[in-house]
Amino acid sequence: MWRHLNRLLFWRLFLVSFCFSEFPSPCLDSKTNVVMKGQNVSMFCSHKNKSLQITYSLFRHKTHLGTQNGKGEPAIFNLSITEAHESGPYKCKAQVCSCSKYSRDFNFTIVDPVTAPVLNITVIQTETDRHITLHCLSVNGSLPINYTFFEKHIAISPAISKYDRESAEFKLTRKNPGEEEEYRCEAKNRLPDYAAYSQTVTMPSTDGGSCPFCLKLLLPGLLLLLLVIILILAFWILPKYKARKAMRNNVPRDCGDTAVEVGIYANIHEKQAKEGSVPEVGSRPCVSTAQDEAEHSQELQYATPVFWEVAPRQQEACDSYKPGYVYSELNF
């Protein structure tokens, strides 16, 4: 009886000594502690003792998430972080017989990923140099954000950290190149293996003999030249149009007794005393004077036809001739 009690006491003392000295607390870890919502993660629970068969259990707060058995290899627990409360704390328990130990708390940090930044370029052009200022800003993503500027695929700036939502700025000076320059920027926060890049902005090449300001002056010069041409045409065509319109208005429309602005018209009608007489051919029944565009006087003569009834003339006989027609003479 006493022998049995001594054996139980010895075994208990051995387990207590083993738990404190030979069985330390397990270790809980993950490849990263910074995640974004919806990300899948793997947690590793391991122990220094590689010879014992150990039972590993994972907890979040007081919620049991799973149990695995292992010997010499860590237990792997796969999770998905979808909500803020799923960030932790997590604990791992390692148990051998009645001896169990817990790991330290492990927490994830949830970070919003950055969006593609916008790159703006300001250029001050001189005869020999280009003074370039690069601005890069990502409007979304957890702070702080690190910005890096690239020329083609080569980094030309160190990482510029911004703890406020403001653009990063980088200045450089380049000699006037003979080829195009391409710039872009990178935005990255604490989220590992995740970065966003801006669109590539291309700077056109400039030749040594070219005028950097000619392009800016060309458009205003063309507009000024067009305005001058329009004014010249307006001042040249408008007087001619008015003169032609005045000439059309000055042409007389009748030969009556009405007075017209451009001339005076008179109708002269000499009535013959005898009924069979013919009016004088040399008479000028209607006379008018007018002035042309060059202000030269012109005399216009008009005649009034007078019809007289005369006897038919003798015509040679033919098959188609039929007598009995009445003829009249037209005299001016």
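The exercises below, each with a worked solution, concern a predicted model of a single protein.

**Exercise 1. Describe the overall make-up of the protein in terms of secondary structure, burial, contacts and exposed area.**

Begin with the secondary structure, which comes to two helices and 23 strands. Next consider burial: of the 332 residues of the protein, 26% count as buried. Then turn to the contacts with a separation of 6 or more, of which 54% are between residues 24 or more positions apart. Finally, the protein exposes about 24000 Å², and carbon and sulfur atoms supply 56% of that area.

**Exercise 2. Find the surroundings of Glu186 and decide which charged and polar partners its side chain has.**

First place the residue: Glu186 belongs to strand β16, which covers residues 181–188. Then check for a charged partner; Glu186 is buried yet has no salt bridge, and the nearest side chain of opposite charge, that of Lys188, is 5.9 Å away. A salt bridge requires a side-chain nitrogen of Lys or Arg within 4 Å of a carboxyl oxygen, so a separation of 5.9 Å does not qualify. Now look for a polar partner, and the side chain of Tyr197 is found in polar contact with the side chain of Glu186, at 2.7 Å. Lastly, set out the wider neighbourhood: leaving out residues up to four places away in sequence, Glu186 touches Asn146, Tyr147, Thr148, Phe150, Ala195, Ala196 and Tyr197.

**Exercise 3. Determine whether Glu181 is buried or exposed, and identify what surrounds it.**

Glu181 also lies in strand β16. Its relative accessible area is 6%, and because buried means under 20%, Glu181 is classed as buried. The side chain of Glu181 makes a polar contact of 2.9 Å with the side chain of Tyr183. Beyond residues up to four places away in sequence, Glu181 touches Arg130, Ile132, Glu151, Arg174, Val201, Thr202 and Met203.

**Exercise 4. Locate the cis peptide bonds that precede Pro89 and Pro144, and describe the setting of each proline.**

Take Pro89 to begin with: a cis peptide bond joins Gly88 to Pro89, with omega about 5°, and Pro89 sits in the loop between β6 (75–81) and β7 (90–96). Continue with Pro144, which is joined to Leu143 by a cis peptide bond with omega about 0°. Pro144 is placed in the loop between β11 (129–137) and β12 (145–151). Apart from its neighbours within four places in sequence, Pro144 is in contact with Lys162, Tyr163, Lys188 and Asn189. The C-alpha atoms of Pro144 and Arg165 are separated by 8.7 Å, although these residues are 21 apart along the chain.

**Exercise 5. Examine the backbone of His61 and Asp193, and state where each residue is found.**

His61 is not a glycine, yet has a positive phi of about 55°; His61 is found in the loop between β4 (54–60) and β5 (63–70). Asp193, likewise a residue other than glycine, has a positive phi near 55°, and lies in the loop between β16 and β17 (196–197). Asp193 has a relative accessible area of 80%, and because exposed means over 50%, Asp193 is classed as exposed.

**Exercise 6. Work out which residues form the nonpolar surface patch, and explain why Leu233 can belong to it.**

The patch consists of Leu225, Ile229, Leu233, Trp236, Ile237, Leu238 and Tyr241, which together have about 720 Å² of accessible area. Leu233 is found in helix α2, residues 214–250. Leu233 is partly exposed at 43% relative accessible area, and therefore passes the requirement of over 30% for patch residues.

Technical notes:
Residues numbered from 1 in each chain as written. Predicted model: local features only at pLDDT ≥ 70, side-chain atom pairs only at ≥ 80, totals over all residues. Heavy atoms only, no water. Patch = residues over 30% accessible without salt bridge, like charges linked within 9 Å, V, L, I, M, F, W, Y side chains within 5 Å. Areas by Shrake-Rupley, 256 points an atom, 1.4 Å probe, with all protein chains shown as cover. Helix = DSSP H or I, 4+ residues; strand = E, 2+ residues; numbered from the N terminus. Buried < 20%, exposed > 50% of the residue type's maximum accessible area, 1.4 Å probe, protein only. Lys, Arg positive; Asp, Glu negative; His and termini not counted. Polar contact = N/O pair within 3.5 Å; in protein donor to acceptor, adjacent residues only side chain to side chain. Contact = heavy atoms within 4.5 Å.
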